[in-house]
Amino acid sequence: MLQRTYDKVNALFEEGNGYLPTRKMLDNKITTIQIRTMLEEGKIEKISHGNYWNLMSGKKKPKHYKMLEACMTNKKAVICSLSACYFHGLLDEEPDKLYVATARTDRGGMKLNFPVSRHYFSVSSFEDDVLNVKTGGGSIRIYDMDRSVCDCIRLEKEIGRDTVELVVENYMKSKKKKPTHLLKYADRMRYGKIVREYLGTEE
(Lines give C-alpha, C1' and ligand atoms only; values in the text may rest on other atoms or scores of the structure.)
Protein backbone atom coordinates (compact mmCIF):
# COMPACT_ATOMS: atom_id res chain seq x y z
CA MET A 1 0.00 0.00 0.00
CA LEU A 2 1.11 3.56 -0.68
CA GLN A 3 2.23 5.73 2.24
CA ARG A 4 -0.39 8.31 1.32
CA THR A 5 -3.08 5.69 1.98
CA TYR A 6 -1.77 5.13 5.52
CA ASP A 7 -1.60 8.91 6.01
CA LYS A 8 -5.20 9.24 4.86
CA VAL A 9 -6.37 6.49 7.23
CA ASN A 10 -4.42 8.06 10.10
CA ALA A 11 -6.14 11.39 9.50
CA LEU A 12 -9.56 9.71 9.52
CA PHE A 13 -8.76 7.96 12.82
CA GLU A 14 -7.68 11.30 14.32
CA GLU A 15 -11.13 12.69 13.59
CA GLY A 16 -12.65 9.81 15.55
CA ASN A 17 -10.35 10.04 18.59
CA GLY A 18 -8.51 6.90 17.46
CA TYR A 19 -11.66 4.94 16.55
CA LEU A 20 -13.22 4.51 13.13
CA PRO A 21 -16.20 2.58 11.71
CA THR A 22 -15.81 0.58 8.52
CA ARG A 23 -18.44 2.71 6.83
CA LYS A 24 -16.36 5.87 7.29
CA MET A 25 -13.35 4.21 5.65
CA LEU A 26 -15.41 2.87 2.75
CA ASP A 27 -17.02 6.28 2.24
CA ASN A 28 -13.50 7.72 1.94
CA LYS A 29 -12.46 5.23 -0.74
CA ILE A 30 -10.52 2.88 1.57
CA THR A 31 -11.27 -0.59 0.18
CA THR A 32 -12.06 -3.77 2.10
CA ILE A 33 -8.81 -5.26 0.73
CA GLN A 34 -6.84 -2.32 2.16
CA ILE A 35 -8.62 -2.68 5.51
CA ARG A 36 -7.78 -6.39 5.60
CA THR A 37 -4.14 -5.61 4.71
CA MET A 38 -3.86 -3.13 7.60
CA LEU A 39 -5.34 -5.73 9.95
CA GLU A 40 -2.82 -8.34 8.82
CA GLU A 41 0.03 -5.84 9.19
CA GLY A 42 -1.05 -4.97 12.74
CA LYS A 43 -1.76 -1.36 11.76
CA ILE A 44 -5.34 -1.41 13.04
CA GLU A 45 -7.32 -3.49 15.56
CA LYS A 46 -10.83 -4.77 15.00
CA ILE A 47 -12.67 -4.01 18.24
CA SER A 48 -16.06 -5.31 17.10
CA HIS A 49 -18.09 -5.85 13.96
CA GLY A 50 -17.56 -2.72 11.84
CA ASN A 51 -15.34 -0.78 14.27
CA TYR A 52 -11.58 -0.34 14.46
CA TRP A 53 -8.87 1.18 16.68
CA ASN A 54 -5.75 2.81 15.22
CA LEU A 55 -2.50 1.07 16.22
CA MET A 56 -0.32 3.22 13.95
CA SER A 57 -0.43 6.29 16.20
CA GLY A 58 1.07 4.47 19.20
CA LYS A 59 -1.49 6.12 21.47
CA LYS A 60 -2.96 4.30 24.46
CA LYS A 61 -6.67 3.65 24.51
CA PRO A 62 -8.80 5.99 26.69
CA LYS A 63 -9.31 5.09 30.35
CA HIS A 64 -12.87 3.89 29.81
CA TYR A 65 -12.24 2.29 26.42
CA LYS A 66 -14.30 -0.82 27.19
CA MET A 67 -17.37 1.30 27.87
CA LEU A 68 -16.73 3.33 24.72
CA GLU A 69 -16.30 0.24 22.57
CA ALA A 70 -19.49 -1.34 23.92
CA CYS A 71 -21.48 1.81 23.17
CA MET A 72 -19.96 1.98 19.66
CA THR A 73 -20.88 -1.64 19.02
CA ASN A 74 -24.49 -1.25 20.12
CA LYS A 75 -25.68 2.36 20.03
CA LYS A 76 -28.64 1.56 22.30
CA ALA A 77 -26.61 -0.23 25.01
CA VAL A 78 -26.18 1.30 28.47
CA ILE A 79 -23.32 0.70 30.92
CA CYS A 80 -24.93 -0.64 34.09
CA SER A 81 -24.60 -2.02 37.64
CA LEU A 82 -21.01 -2.81 38.72
CA SER A 83 -19.29 -1.14 35.75
CA ALA A 84 -21.41 1.98 36.20
CA CYS A 85 -20.56 2.02 39.93
CA TYR A 86 -16.87 1.87 39.03
CA PHE A 87 -17.34 4.83 36.67
CA HIS A 88 -19.18 6.77 39.40
CA GLY A 89 -16.29 6.22 41.83
CA LEU A 90 -17.88 3.62 44.11
CA LEU A 91 -15.18 1.05 43.33
CA ASP A 92 -11.42 1.52 43.04
CA GLU A 93 -10.82 -1.46 40.75
CA GLU A 94 -12.45 -2.00 37.38
CA PRO A 95 -14.62 -5.17 37.28
CA ASP A 96 -13.16 -8.12 35.37
CA LYS A 97 -16.09 -7.95 32.94
CA LEU A 98 -18.13 -5.11 31.54
CA TYR A 99 -21.75 -4.93 32.71
CA VAL A 100 -24.04 -3.77 29.90
CA ALA A 101 -27.81 -3.34 29.72
CA THR A 102 -30.01 -3.62 26.65
CA ALA A 103 -33.76 -3.73 26.16
CA ARG A 104 -35.31 -7.19 25.98
CA THR A 105 -36.31 -6.51 22.40
CA ASP A 106 -32.74 -5.58 21.41
CA ARG A 107 -30.99 -8.30 19.44
CA GLY A 108 -28.00 -6.15 18.47
CA GLY A 109 -24.63 -7.85 18.76
CA MET A 110 -22.30 -7.30 21.71
CA LYS A 111 -19.29 -9.38 20.64
CA LEU A 112 -16.21 -7.58 21.97
CA ASN A 113 -12.56 -8.37 22.73
CA PHE A 114 -13.19 -8.60 26.49
CA PRO A 115 -15.73 -10.33 28.77
CA VAL A 116 -19.21 -8.80 28.85
CA SER A 117 -22.11 -9.49 31.22
CA ARG A 118 -25.25 -8.51 29.32
CA HIS A 119 -28.50 -7.85 31.15
CA TYR A 120 -31.91 -7.34 29.59
CA PHE A 121 -34.47 -4.85 30.90
CA SER A 122 -38.09 -4.28 29.97
CA VAL A 123 -38.66 -1.53 27.43
CA SER A 124 -40.66 0.43 30.03
CA SER A 125 -37.71 0.71 32.46
CA PHE A 126 -34.72 0.48 30.13
CA GLU A 127 -34.34 4.19 29.32
CA ASP A 128 -34.95 5.40 32.90
CA ASP A 129 -32.03 7.25 34.53
CA VAL A 130 -29.73 7.08 31.48
CA LEU A 131 -26.93 9.66 31.35
CA ASN A 132 -25.11 10.63 28.16
CA VAL A 133 -21.56 11.29 29.32
CA LYS A 134 -18.67 12.66 27.29
CA THR A 135 -15.31 11.03 28.01
CA GLY A 136 -11.84 11.55 26.57
CA GLY A 137 -12.52 9.16 23.71
CA GLY A 138 -16.17 9.88 22.98
CA SER A 139 -19.64 9.60 24.52
CA ILE A 140 -21.10 6.74 26.52
CA ARG A 141 -24.59 5.89 27.75
CA ILE A 142 -24.57 4.96 31.42
CA TYR A 143 -27.08 4.67 34.25
CA ASP A 144 -26.91 7.20 37.06
CA MET A 145 -25.32 6.27 40.37
CA ASP A 146 -28.53 5.56 42.31
CA ARG A 147 -29.98 3.18 39.75
CA SER A 148 -26.59 1.48 39.33
CA VAL A 149 -26.34 0.72 43.04
CA CYS A 150 -29.86 -0.70 43.05
CA ASP A 151 -29.07 -2.90 40.06
CA CYS A 152 -25.95 -4.20 41.84
CA ILE A 153 -28.15 -5.28 44.74
CA ARG A 154 -30.51 -7.01 42.29
CA LEU A 155 -27.52 -8.86 40.80
CA GLU A 156 -26.08 -9.92 44.16
CA LYS A 157 -25.85 -13.61 43.19
CA GLU A 158 -23.65 -12.79 40.20
CA ILE A 159 -21.64 -9.97 41.75
CA GLY A 160 -21.17 -11.41 45.25
CA ARG A 161 -22.45 -10.07 48.56
CA ASP A 162 -19.08 -8.68 49.70
CA THR A 163 -18.73 -6.56 46.57
CA VAL A 164 -22.31 -5.33 46.80
CA GLU A 165 -21.80 -4.38 50.45
CA LEU A 166 -18.68 -2.40 49.46
CA VAL A 167 -20.63 -0.58 46.75
CA VAL A 168 -23.42 0.30 49.19
CA GLU A 169 -20.93 1.40 51.86
CA ASN A 170 -19.21 3.78 49.44
CA TYR A 171 -22.58 4.97 48.12
CA MET A 172 -23.72 5.93 51.63
CA LYS A 173 -20.53 8.01 52.02
CA SER A 174 -21.06 9.81 48.71
CA LYS A 175 -22.22 13.43 48.69
CA LYS A 176 -23.91 12.74 45.35
CA LYS A 177 -26.23 10.01 46.62
CA LYS A 178 -29.99 10.40 46.31
CA PRO A 179 -31.43 7.51 48.37
CA THR A 180 -35.02 8.66 47.86
CA HIS A 181 -34.49 8.42 44.11
CA LEU A 182 -32.86 5.00 44.51
CA LEU A 183 -35.75 3.67 46.59
CA LYS A 184 -38.30 4.99 44.13
CA TYR A 185 -36.60 3.00 41.38
CA ALA A 186 -36.24 -0.06 43.66
CA ASP A 187 -39.96 -0.01 44.45
CA ARG A 188 -40.83 0.31 40.77
CA MET A 189 -38.69 -2.77 40.11
CA ARG A 190 -40.35 -4.55 43.07
CA TYR A 191 -37.04 -4.85 44.87
CA GLY A 192 -37.60 -2.28 47.59
CA LYS A 193 -37.45 -4.58 50.61
CA ILE A 194 -33.96 -6.00 50.04
CA VAL A 195 -32.63 -2.60 48.97
CA ARG A 196 -33.87 -1.10 52.23
CA GLU A 197 -32.16 -3.91 54.14
CA TYR A 198 -28.86 -3.07 52.46
CA LEU A 199 -29.29 0.64 53.12
CA GLY A 200 -30.44 0.07 56.69
CA THR A 201 -33.46 2.27 56.23
CA GLU A 202 -37.22 1.94 56.60
CA GLU A 203 -37.99 4.93 54.35
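At what angle do the axes of helix α7 (residues 145-154) and helix α10 (residues 179-188) cross? In this predicted model, the two axes cross at roughly 50 degrees and come within 8 Å. Helix α7 is therefore oblique to α10, since angles under 35 degrees count as roughly parallel and those of 65 to 115 as roughly perpendicular. The crossing of the two helices is right-handed. On the α7 side, the contact is made by Asp146, Arg147, Val149, Cys150, Asp151 and Arg154; α10 contributes Pro179, His181, Leu182, Tyr185 and Ala186. By class, the contact comprises six nonpolar, four charged and one polar residue.

Nonpolar side chains tend to be buried together in soluble globular proteins. Here the largest nonpolar core has 51 residues. Val149 and Leu182 are among the residues with the most contacts inside this core, as are Ile79, Tyr143, Ile153, Val195 and Leu199. Leucine 199 touches Ile153, Val168, Met172, Pro179, Leu182 and Leu183, with residues up to four places away in sequence left out of the count. A second, separate core has 11 residues, including Tyr6, Leu12, Phe13 and Met38.

Two loop residues other than glycine have a positive phi, and their settings are listed below.

| Residue | Phi | Loop | Relative accessible area |
|---|---|---|---|
| Lysine 29 | about 65 degrees | between α2 (22-27) and α3 (32-40) | 68% |
| Aspartate 129 | near 65 degrees | between α6 (123-126) and β7 (130-135) | 19% |

Lysine 29 is exposed, because its relative accessible area of 68% lies over 50%. Aspartate 129 counts as buried, because its 19% is under the 20% cut-off.

Definitions and conventions. Residues are numbered from 1 along each chain as its sequence is written. This is a predicted model: local features need pLDDT of at least 70, side-chain atom pairs count only at pLDDT 80 or more; totals for chains, interfaces and linings use all residues. Side-chain values use heavy atoms; hydrogens and water are left out. Axes are lines fitted to C-alpha atoms, for helices over the stretch in contact, and angles run from 0 to 180 degrees between N-to-C directions. Helices (H or I, at least four residues) and strands (E, at least two) are DSSP runs, numbered from the N terminus. Angles under 35 degrees count as roughly parallel, over 145 as roughly antiparallel, 65 to 115 as roughly perpendicular and the rest as oblique. A crossing is left-handed if the near helix is turned anticlockwise from the far one by less than a right angle, and right-handed if clockwise. Contact means heavy atoms within 4.5 Å. Ala, Val, Leu, Ile, Met, Phe, Trp, Tyr, Cys and Pro count as nonpolar, Asp, Glu, Lys and Arg as charged, and the others, Gly among them, as polar. A nonpolar core is a set of buried Ala, Val, Leu, Ile, Met, Phe, Trp, Tyr and Cys residues joined through side-chain atoms within 4.5 Å. Buried means under 20% relative accessible area, exposed over 50%, partly exposed in between (1.4 Å probe, protein chains only).
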